[in-house]
Structures are given as C-alpha cells and as structure tokens.
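User: I should like to understand how the terms used for a protein model follow from its values. Could we go through them one at a time?

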Amino acid sequence: MALVLGNSCSPAKDGKRYNWTFYVRGATEELDSVTIKLHPTFKDPVRVRQEPPFEFQSRGWGTFDIVVLLKWKNGSIHRTSWELQFDQPDASRPLDLPRAAPAAPAVPAAPAAPAAPVPPRTVPEGTMAPSVEVPPVAPWEEEHRDVFEARGSIVGVDSADEAMVEAAEEEATDGPGPPPELLRDTSAGTTDDDPTRASICERLRSTAYLPHSHPQFMFGRGYGGPLNAPKVLWRSDQPPRKDHSCPKWLTATEFEDQPEVMAAKVKELARLMLMSRKTVAYTGAGISAAVIGQAALSGQHTVGWKADTRAAPPTFTHHALGFLGRQGLLHGWVQQNHDGLPQKAGFPQERINEIHGSWYDPGNPVVKYSGTLHERSYPWMREDADTADLCLVLGTSLGGLNADQVATKTADRSLQPSAPPEGVLAPGAWVMLRRGGRSFKGCVTKVEEKDFQARFRPAADDDSEEEDDRLGEVVTISKSEKFDLLPSVGGGLGTVIMNLQQTAQDGKMTLRLFGKSDEILRLLLPELGFGLSIVKPPVWPKVSRALVPYDAEGRRLPPRAKRMWLDLSRGQEVRLTPGHNIQGAKQPQYMHIGAAKPITVKGETRKPGVGLGRVVNRCDKTCSFVLQIEGVQMRLGIWWLESAMRGGVPVLPLVNQAPSFEE
C-alpha cells in the first residue's frame, strides 16, 4: 500500500516565516484517522484528522519532528515521524507499511488499479534525512511518551499565535524573527551593600595569595568548609605540559575532592554565581579532551588528537555552560579551543570570544604561535579580564598564555576594595600617572589630605600585549601631581578553578575544586535551581536562507533598517567581510587570501584573492556550512546563521557577493 508523508512550504509575506502544510497522501482509502503530535509549545499539540484530506496547516520558521500515528479501519496502528523541512517547496518520502496492515477484506473485491509509483526522495548532500520509522506502540503507551525528551527547545513556534491555522496573513513586523533559543538577559547579581557579598569580599581582601605549603592551598582563599585532603587518582612526577614551564613542585598528578568537601565547594560556587555581576568562563583543551584530544599529560586521556574532530559532539560541560549562558548566569566565555563545541551546545556566538581562532569562523582561522590575534578578539579579552566579577576556569593549566590574564586579573581584583563612584579619588579608584615619558596605571589603596597611596603597574599607551599586569609595591603620590582618574572596576568575587590537576595559580583562587568538570557541573546545576534534564542540545533551524539585520559589509544595522538576505544554500556565492584575520593567523594554506602577491605553499603557487567563494553544502554532521574560498575549504558554523537572524553578533564573517534586501 503506497502512502506519502511530506510537507509543502512557501515564504510568508512578513519574510520571516513560512506557511507550511504537513500531509499524508496517496492510497488513504483504508485510513480511519491520522493523529499528529506537534512540538509541545503549540496550543493543543495533538491534532486528529478523521477524514481526507489528512493535512495540517500552520505558520512558523523553525523545524521539528512531527510524530504521526496512522490508524486503519481494521483497528491496526502504525507509528512514524516526519521532520518538517523548509529548504524546498515540497519535500516528501514514500512510507513502506507492513503487509499485515491493513488486513485483507473478508469479501473478495475487484482488483484495484495499481497506485501510481512514488519516486524516492533525493536527500541533498549535507542535509539531514527524515526520521526513520519506529515500531508501532499501543495508544496507551503513546499517551505517556514524550518524543521530545532528547531534543532541545524548538523554535519558530510561538504558543500564542503559531499553533492554529490562520485565515489571513499577519502584518510584517520590524526587526528580526524570533530567536531559535530563548536568551535571557544577563544576571545583574548583587550590589556591594548586600551583606553576604560584603562578607565574602571582605574575607577575600583580607586573605593574601596562598603559598603552596599553606593548608588552605588546595581549597581556596574564600572556602569555609571541611579541610579533608583530596585523594590522588593518578600520580606523576612529570610536569603537566612539556611545552610550558612551571614550578618544581607542580606535576601532572590528578586529584579528586572528598565527597563532603566537593559538596561544600559546589554550594559556595553556586552562591558566588548567583551574586556575580559578570561571570566569565575561561576554558582550555581539558573540557574537550574526551572528544577532541589534548596535549597535556593526563591519567584520564591519552596525549594526542582524535579522528574526525569536526564531527565531535559537545561534552556535558559544554552543554551545562551553554545552558547557563542562555539563562544569563554566564555572561561571557573566553575560549582557548578552536572546536566550536560551546556553540554546538547552544552557547550564544555573540558572547564567546574564540581568542585563538576557530574551525568554524572563516574570518578568524586558528592562529599560529607566530601569528597575531584578531583585532576584535584581543580588546574583547582585555575588557573581560578588566571587568569580570567572577571567572570560572576549566580545563586549562594556566601555563602562561597571554589570555590567562582573564583568570589572574579577576583574582587580583578580589584583593582590592569595591570601586568608588566615577570621578571620585578613593580606595579602589584607578589612576593613570605619567613620569619620564612612561605611563603607569595604578589602583588607589589609601587617600590622605595631601596625598594618596596606590599600587602601580607599567602600561603601554597602545595597550599592547606586552603590558605588565602585575601590581607593584605601594607608592605615595602627591595630590598636586598631575594624574588622570580612570573608569574603575574594583573588588570582585575572584576566580574559581575546577579540574583534576593543580596549577601554578592555585594560591590565587577563591575556590579550588578538584574533579572532572562534567561531574562538578552535574552537582552545580541543582544548587542553582535547575534539573539536569533541561540541559539539552539545541535544534538549529533547517533553513539556509534568512533575512538578517546586517548591511552589505556584514555590519549590524540599526532598528527598522531594511534587512539583508543571507543565503547559504548550496552554490551561493559568498565573500569574506572586511576585518578578517587571515593574514594575522598565518595559516599557510590561507595566506594567499588578502595577500598582495602570489603565495607558494608546498610547491603550489596560489594567486592572491580578496576572499571570494561559494557554499559547497550544508553538513549537519559537523554542524557547519562547507565553503570554498579562493580555492581552499573553510567552514562556517550553522549557529552563525541563527545568531545573525537575531542580530546577535556585531559583524558577520561573510555575506553574499551580491546580497539582496527586503523591499
């Protein structure tokens, strides 16, 4: 018996959504009813059609799986599903049914004309095929099953106006369409006069950095729980990394906190996060080691890299941090890795700084040690380092990278008093003093009638990477001397580190947790009031073409401006936008892009190019659009399109060569 499942679609007049119709067609004579289960955000997500046409119409822009229950006139039931698709006007597939359904009629009937053959559906390369049929289930089991339990929040379906058939088109609205994930506003935290915060900050200010021999060293300067020593999981006499120097006492030995200590540390960490005015994650290879590999010596993972790293799935750590980012409790993320796993787990692209480059950003390829950071990445990192209230360090040895200042400067501020009001010379204020042709930036520690005291550090006028961030000894300055008051961020909750190995910076930490980040975050989420079941992967829209609030150079537009079509369908011509870091990254295979003359790599000479290319395909396995740019392959994460639809990122890495705009 031949049935066809599918959906048709056409763009709605508002340019943001699609009018779509799901259907069951073909030889439907023996069908008694068709029950479909939509995403639970619909009003009345279960719909029943008891007579032809077996169709359902709605409007939206997000895709999801539709569960389909076919009931035959003889009482038998067949269960299958269809993945809603918007990448072609009509998508369908034949449904192969068991021969036993429906049952043969009791009285011989005249032979029916054979059903017209249905051509098999061709799935374009790089797209996801429809879901396969699963064995039928009894109706009473179906009522209690949730087919969405393994999926993230599905979007494009608004429970207020998208679930019902609409008789007329809605008027187009200004601005981008609804986002694929709800992004909450970032948490404002608590003020300095909050008693709990004031008590914690006073303790941190009065507790200097701890030496390795201090009994509190493996617990943290702000920890107040039991001091039972962690157990050794794996012992080593070697340094954590051979390519980084470290103190003689520091080895790759791995530790794990005792259960009662871990419970106390996690409770204190949750309290810090709920108080924090700006929490920034700073992560390294350790959080991806299980799926990507790592260079550091470890008892948990082999040194080296896994195969097919581009298709690696996020770990629970990525999913948990991605969820906290969407909830507004994680304000930013400085990512050492290049793997795109935070975004695959749903962390917003506009809130993550891939400081060393990315596999999924053609404008910011992986930066070689001899290269320079992206012009936007370094100032952004410096801003987070200078303004974070709380820093979470995971999966990195803090071995001396320039970006480690995100962790160390946040820890430094925990020794300082809270910042005074702007323009007021008081403890916690920052001043700029110039002497002998040099600039010195310092934090005020004490103010007297005729002078004040401050701790200074050298500061280059161009804010270069060579700036020394260490605060020196206290210096007394006369108020009559010329100085500038700077915008100040003082005080703070400091830095928390969680991993298995010690680091040379552990004595600076507010809290020091020993354990696997996956396990620590499984304990943390309930302390923050969240169940573990809500940490789910995002479901990206299947569309590859959308209206986005950006101009032809990829710059975000002001409200009410005419939006641009960003078309990343197969074969579409694209170009890199100005400001990319291809020359700065110094990856040999890309050096002809933006070059002034031909470049020879491994005996092959490539002509210089400005960054023109095309979309090869969409690859859901790697969650990316595969690109061909000036003869070399690059990738763009699918999440870039999602962020662009929201107007999230300030600048897009690429646009179409001849973009069109809404009328």
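Analyst: Let us begin with a definition: a residue is buried when its relative accessible area is under 20%, exposed when it is over 50%, and partly exposed in between. The model shown here is predicted.

User: Why is E383 called partly exposed?

Analyst: E383 belongs to helix 6. Its relative accessible area is 46%, and the category of partly exposed lies between 20% and 50%. E383 is therefore partly exposed.

User: What makes K602 count as exposed, and where is this residue found?

Analyst: The relative accessibility of K602 is 87%, and exposed means over 50%, so K602 counts as exposed. K602 is found in the loop between strand 27 and strand 28 (604–606). Its phi is positive, about 50°, although K602 is not a glycine.

User: Which category does K586 fall into, and why?

Analyst: K586 has a relative accessible area of 36%. Since partly exposed lies between 20% and 50%, K586 is partly exposed. K586 also has a positive phi, of about 65°, without being a glycine. Its place is in the loop between helix 9 (582–585) and strand 27 (599–601).

User: How do you know that the buried residues of helix 6 are on the same side of that helix?

Analyst: The buried residues of helix 6 (residues 377–387) are S377, Y378, M381, R382, D384 and A385. They cover an arc of only 160° around the axis, which puts them on the same side of helix 6. Among the elements that cover these residues are strand 11 (279–283), strand 14 (332–335), strand 15 (352–354) and helix 7 (405–413).

User: What are the buried residues of helix 8, and how are they placed around its axis?

Analyst: In helix 8 (residues 517–527), the buried residues are S517, I520, L521, L524 and L525. Their arc around the axis is only 135°, so they are on the same side of helix 8. The elements covering them include helix 3 (259–275), helix 4 (316–326) and strand 16 (390–394), along with strand 22 (494–499) and strand 23 (511–514). After helix 8 comes G529, with a positive phi near 95°.

User: Why are helix 2 and helix 3 called roughly perpendicular?

Analyst: Two packed helices are described by the angle between their axes and the distance between the axes. Helix 2 (residues 195–205) and helix 3 pack at an angle of about 115°, and their axes are 11 Å apart. Angles of 65 to 115 degrees count as roughly perpendicular, so helix 2 and helix 3 are roughly perpendicular to each other. The contact is formed by T196, R197 and I200 of helix 2 with R271, L272 and M275 of helix 3. By class, this contact of helix 2 with helix 3 has three nonpolar, one polar and two charged residues.

User: At what angle do helix 4 and helix 8 cross, and which residues make the contact?

Analyst: The axes of helix 4 and helix 8 cross at roughly 35° and come within 8 Å. The crossing of helix 4 and helix 8 is left-handed. Helix 4 contributes F316, T317, A320, L321, F323 and L324 to the contact, and helix 8 contributes S517, D518, L521, R522 and L525. By class, the contact of helix 4 with helix 8 has seven nonpolar, two polar and two charged residues.

User: How much of the protein is buried?

Analyst: Buried residues make up 52% of the 663 residues in the protein. The protein has ten helices and 32 strands.

How values were computed:
Residues numbered from 1 in each chain as written. Predicted model: local features only at pLDDT ≥ 70, side-chain atom pairs only at ≥ 80, totals over all residues. Heavy atoms only, no water. Buried < 20%, exposed > 50% of the residue type's maximum accessible area, 1.4 Å probe, protein only. Helix = DSSP H or I, 4+ residues; strand = E, 2+ residues; numbered from the N terminus. Arc of directions from axis to C-beta. Contact = heavy atoms within 4.5 Å. Axes fitted to C-alpha atoms, helices over the stretch in contact; angles between N-to-C directions. Parallel < 35°, antiparallel > 145°, perpendicular 65-115°, else oblique. Nonpolar A, V, L, I, M, F, W, Y, C, P; charged D, E, K, R; others polar. Left-handed = near helix turned anticlockwise from the far one by under 90°.
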